[in-house]
Amino acid sequence: MRQTPSALFSTPRPEPNHLIPALGSALIILLALPVFLVAGWSLAGWGLAAVLWVAVHLIDIVLHRTRGNTGNLAASGVQAFGLFFKSIGLLAVLVAVVVANPHLAIAAALTYALAYTFELGLSLVTYFGVAR
């Protein structure tokens with residue numbers, strides 16, 4: 001049975017596992033390494049993207065541990081701060097690198113953005129159940 005668009009977005013669903021999207025984005029980061037090597041680009045751009053990817057996912061793991069008590073106001077505050085910190089921290093690092101070495105920042109930002117976009121796509125597919 002086909003759902004209407006409003007029912008598609010209003011139907012409550014459990015939060016899907018984050019493992020498959022994270023593994024997908026890790027695969028993108030790993031597949032970018034040979035591209036950097038073959039193209040002769042600086043590996044520092046790839047390394048920065050990989051470090052940023054690992055840092056964001058480590059913060060996600062820490063935030064996931066605080067998610068256990070969702071009825072607690074302090075846990076909600078930690079979640080909000082964590083999401084804010086991830087975004088601002090990522091931007092601060094990239095802006096600092098842009099000032100120091102624009103080519104490095106572009107390579108890192110594009111690599112990270114590609115991995116993030118792939119992870120977001122996989123997250124949406126698993127959430128809406130298209131892969132079932």
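Analyst: Let's begin with one term: two residues are in contact when they have heavy atoms within 4.5 Å. Keep in mind that the model in front of you is predicted. Now the case here: among contacts between residues at least 6 apart in sequence, 63% join residues at least 24 apart.

User: Thanks! Which elements does the chain have, and how many of each?

Analyst: The chain has 5 helices and 0 strands. Read from the N terminus on, the order is α-α-α-α-α.

User: How do I read the length of a helix, for instance α3?

Analyst: The expected span is 1.5 Å times one less than the number of residues. For α3, with 24 residues, that gives 34 Å, and its first and last C-alpha atoms are 35 Å apart, which is close. Helix α4 is another case: its 28 residues should span 40 Å at 1.5 Å a residue, and its end C-alpha atoms are 40 Å apart, so the two values agree.

User: What happens at the start of α3?

Analyst: There, a side-chain oxygen of S42 comes to within 3.2 Å of the backbone nitrogen of A44.

User: Now burial, please. What share of the chain's residues counts as buried?

Analyst: Buried means under 20% relative accessible area, and exposed means over 50%. Of the 132 residues in this chain, 27% count as buried. The chain's accessible surface is about 9100 Å², and 76% of that belongs to carbon and sulfur atoms.

User: Which residues of α3 are buried, and what do they pack against?

Analyst: The buried residues of α3 include G45, W46, L48, A49, L52, W53 and H57. The buried residues of this helix pack against α2, α4 and α5. In α4, the buried residues are A75, Q79, G82, K86, L90, L94 and V97, and they pack against α3 and α5.

User: How many residues are in the largest nonpolar core, and which have the most contacts inside it?

Analyst: This core has 21 residues, and those with the most contacts inside it are I29, W46, L52 and Y112. Two or more core residues come from each of α2 (19-39), α3 (43-66), α4 (73-100) and α5. The biggest contribution is that of α3, with 7 residues. Take L52 as an example: beyond residues up to four places away in sequence, L52 touches L90, V93, L94 and Y112.

User: How many aromatic pairs are there?

Analyst: The structure holds 4 of them. One is Y112 with Y116: their ring centres are 6.4 Å apart and their planes meet at 20°, so this pair is stacked.

User: Why are Y112 and Y116 separated by about one helical turn?

Analyst: The general idea first: an α-helix has 3.6 residues a turn, so residues three or four places apart point the same way. Here, Y112 and Y116 are 4 residues apart in helix α5, so about one helical turn separates them. Their accessibility is a separate matter: Y112 counts as buried because its relative accessibility is 9%, whereas Y116, at 46%, is partly exposed. Another pair, Y127 with F128, is edge-to-face, with 5.1 Å centre to centre and 80° between the planes. Y127 is partly exposed at 30%, and F128 is partly exposed at 25%.

User: Let me try a polar residue. Is S25 buried or exposed?

Analyst: S25, in helix α2, has 0% relative accessibility, so S25 counts as buried. Beyond its neighbours within four places in sequence, S25 is in contact with W53, H57, A115, F118 and E119. With E119 there is also a polar contact, 2.9 Å between the two side chains.

User: What polar contact does the side chain of H57 make with a side chain?

Analyst: The side chain of H57 makes a polar contact of 3.1 Å with the side chain of E119. H57 belongs to helix α3 and counts as buried because its relative accessibility is 13%. In addition, a polar atom of the H57 side chain lies 2.9 Å from the backbone oxygen of W53. Leaving aside neighbours within four places in sequence, H57 is in contact with A22, S25 and E119.

User: One last residue: where is V125, and how far is its C-alpha atom from that of P16?

Analyst: V125 sits in helix α5, which covers residues 102-128. Its relative accessibility is 33%, so V125 counts as partly exposed. V125 and P16 are 109 residues apart along the chain, yet their C-alpha atoms are separated by 9.9 Å.

Terms used:
Residues are numbered from 1 along each chain as its sequence is written. This is a predicted model: local features need pLDDT of at least 70, side-chain atom pairs count only at pLDDT 80 or more; totals for chains, interfaces and linings use all residues. Side-chain values use heavy atoms; hydrogens and water are left out. Buried means under 20% relative accessible area, exposed over 50%, partly exposed in between (1.4 Å probe, protein chains only). A nonpolar core is a set of buried Ala, Val, Leu, Ile, Met, Phe, Trp, Tyr and Cys residues joined through side-chain atoms within 4.5 Å. Accessible areas come from the Shrake-Rupley method with a 1.4 Å probe; for residues, only the protein chains shown count as cover. A polar contact is a pair of N or O atoms within 3.5 Å; within protein, one must be able to donate a hydrogen and the other to accept it, and residues adjacent in sequence count only if both atoms are side-chain atoms. Rings of Phe, Tyr and Trp (its six-membered ring) pair if their centres lie within 6.5 Å; planes under 30 degrees apart count as stacked, over 60 as edge-to-face and the rest as tilted.
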